[in-house]
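Let us walk through this structure step by step, beginning with a turn between two strands and moving outward from there.

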Amino acid sequence: MPGLPKQALTALFDRHAPFRWRPDGSLSQLRWLRELWTHCNVADFSKHRQRLVRLALLSRIGLNDVVAQTGVSFDFQSLGVLQIFRQSPPSPIVEKRLQELQAFGCDAQWYEPRQVRAMEPGLSESVRIAGGLHVRDDASGDCERFTQGLLAWNQVRGLHFESNARVESLELDARGERLCAVRSKTQRWQADAFVFATGVDTTRLLTPYMRVPIVPVKGYSVTVSLAQGQGVQGAVIDDASKLAMARLGQRVRLAGMAEVVGHDRHINMARCQQLVDHYASLYGPLPAQGQQMWAGLRPMTPDGTPIIGATPVHGLYLNAGHGTYGWTLACGSAQLLADVIAQRPSVLNPDAYALDPARRALA
Ligand SMILES: Cc1cc2nc3c(=O)[nH]c(=O)nc-3n(C[C@H](O)[C@H](O)[C@H](O)COP(=O)(O)OP(=O)(O)OC[C@H]3O[C@@H](n4cnc5c(N)ncnc54)[C@H](O)[C@@H]3O)c2cc1C
């Protein structure tokens, strides 16, 4: 976003800020930050936002197909996502985003405070609400239940799946042009095509062969049981704190924070408590018992667009760098990648998601 560098610098001096950056002194982090910085302008923000929305819309079609075909259940709720603003008037960026989304045919609307409260009656009376951006096309659910359900459905139909198998090395042909096999400590897998959907580990794994500009951006979530009718009802993002909240059946999940702190996965309880406190300031306190804390690393590219497609090594394909939107973009990314591998036309321009920055820039 255009204002990100300023927010990042301010965050260095505010330990409660949702964004946190710990310089690790590495050249790769500095290079990534410099690239990120060059994209923080209105033109690039708009370009990359459009790429994400196109991919998200394709994903929505794919997700609906998957749900219809498999019947997988994952506390799916397709009531849209509501971004609430406590300050008015909304910034021009919000208005521009509304226009962009509407131009894509998305059902996005500005909600007045009473409409926000009608949608989310659990919001405390004492919270000042300036309005909300409601994107009707969006949806929410439990991604772990989705992937587990999908895996089980596929296994019944003959999918061979191995968990806890870590690829340690790659085997290229004699000319060093084609990937022939990958190896773990104990096993070797041979194939015509390999897809590396290896998140934040992609960069390290492929360092000898290519530069993949992905940096981990750490976030936290807290999930807790809460009876329906209490607290958050749908999927809500608080613009001020960047806290995302979603109702998952009899549970509520909170997620947020963005920390550029390397590959550190430890759960910082103070940061999780901040999420709980932000939630409490909007909806009142959550039950203290049974709160499940989690930390995860978002694989983030400097321009915010994922890398999907072929690489300089034949037979090696990437599907990584989806940052904040890995699940939102999953089904569309899979479709695009399948089209690239099968060398058939795609509804999206593959160049826009290519590893090569020059191809990306021209797309
Ligand atoms: C707090 C939080 C909230 C989020 N909320 C949302 C949200 O609401 N909506 C949304 O769309 N996204 C959300 N995201 C982002 C989303 O989680 C990521 O974009 C997504 O997980 C990226 O998926 P991935 O498969 O590319 O990477 P990952 O989920 O990181 O998966 C990569 C996999 O590759 C495996 N791997 C790595 N190296 C190797 C190797 N050498 N050999 C074998 N396997 C390997 C890893 O074990 C891992 O299983 C959130 C993230 C966080 C942290």
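**A hairpin and its surroundings**

In this predicted model, strand 14 and strand 15 form a hairpin with 5 residues between them, and Gly315, which lies in the turn, has a positive phi of about 85°. The two strands of the hairpin, strand 14 (residues 307-310) and strand 15, pair in the antiparallel sense over 4 bridges, and one of the pairings to look for is that of Gly309 with Leu318, its bridge partner in strand 15.

Strand 15 (residues 316-320) also has a second neighbour, for 3 bridges join it to strand 8 (residues 194-196), and these two strands run parallel. Here Leu318 of strand 15 stands opposite Phe196. Because 5 of the 5 residues of strand 15 are buried, the strand is largely enclosed by the rest of the structure. If you follow the side chains along strand 15, Leu316, Leu318 and Ala320 point one way, while Tyr317 and Asn319 point the other way, and all are buried.

Which residues does Ile307 touch, leaving aside those up to four places away in sequence? They are Val212, Thr301, Leu318, Ala320, Gly321, Tyr353 and Leu355. Both Ile307 and Leu318 belong to the largest nonpolar core, which has 65 residues, and they are among those that touch the most other members, together with Val236, Met245, Leu254, Leu275 and Tyr279.

Val236 leads us to another set of strands, since in strand 10 it stands opposite Leu82. Strand 2 (residues 81-85) is joined to strand 10 (residues 235-238) by 4 bridges, and the two run parallel, whereas strand 2 and strand 4 (residues 131-135) pair in the antiparallel sense over 5 bridges. In strand 4, His134 is the bridge partner of Leu82. From strand 2, Val81, Gln83 and Phe85 point one way and Leu82 and Ile84 the other, and all of them are buried.

Turning to a helix, the 29 residues of helix 3 (residues 42-70) should span 42 Å at 1.5 Å a residue, and this agrees with its end C-alpha atoms, which are 41 Å apart. Among the buried residues of helix 3 are Phe45, Leu52, Leu55 and Leu63, and its buried residues pack against helix 9 (330-341). Helix 3 is followed by Gly71, whose phi is positive, near 70°.

Finally, consider the ligand: of the 24 residues around it, Gly199, Asp201, Gly219, Gly296 and Gly326 come nearest. Strand 9 (215-225) and strand 13 (292-300) are the elements that give two or more residues to this shell, which has 11 nonpolar, 10 polar and 3 charged residues.

How values were computed: Residues numbered from 1 in each chain as written. Predicted model: local features only at pLDDT ≥ 70, side-chain atom pairs only at ≥ 80, totals over all residues. Near = placed C-beta within 6 Å. Nonpolar A, V, L, I, M, F, W, Y, C, P; charged D, E, K, R; others polar. Core = buried A, V, L, I, M, F, W, Y, C linked by C-beta atoms within 7 Å. Buried ≥ 20, exposed ≤ 12 C-beta atoms within 10 Å, placed from the backbone. Contact = placed C-beta atoms within 7 Å. Expected span 1.5 Å × (residues − 1). Pairing = 2+ DSSP bridges.
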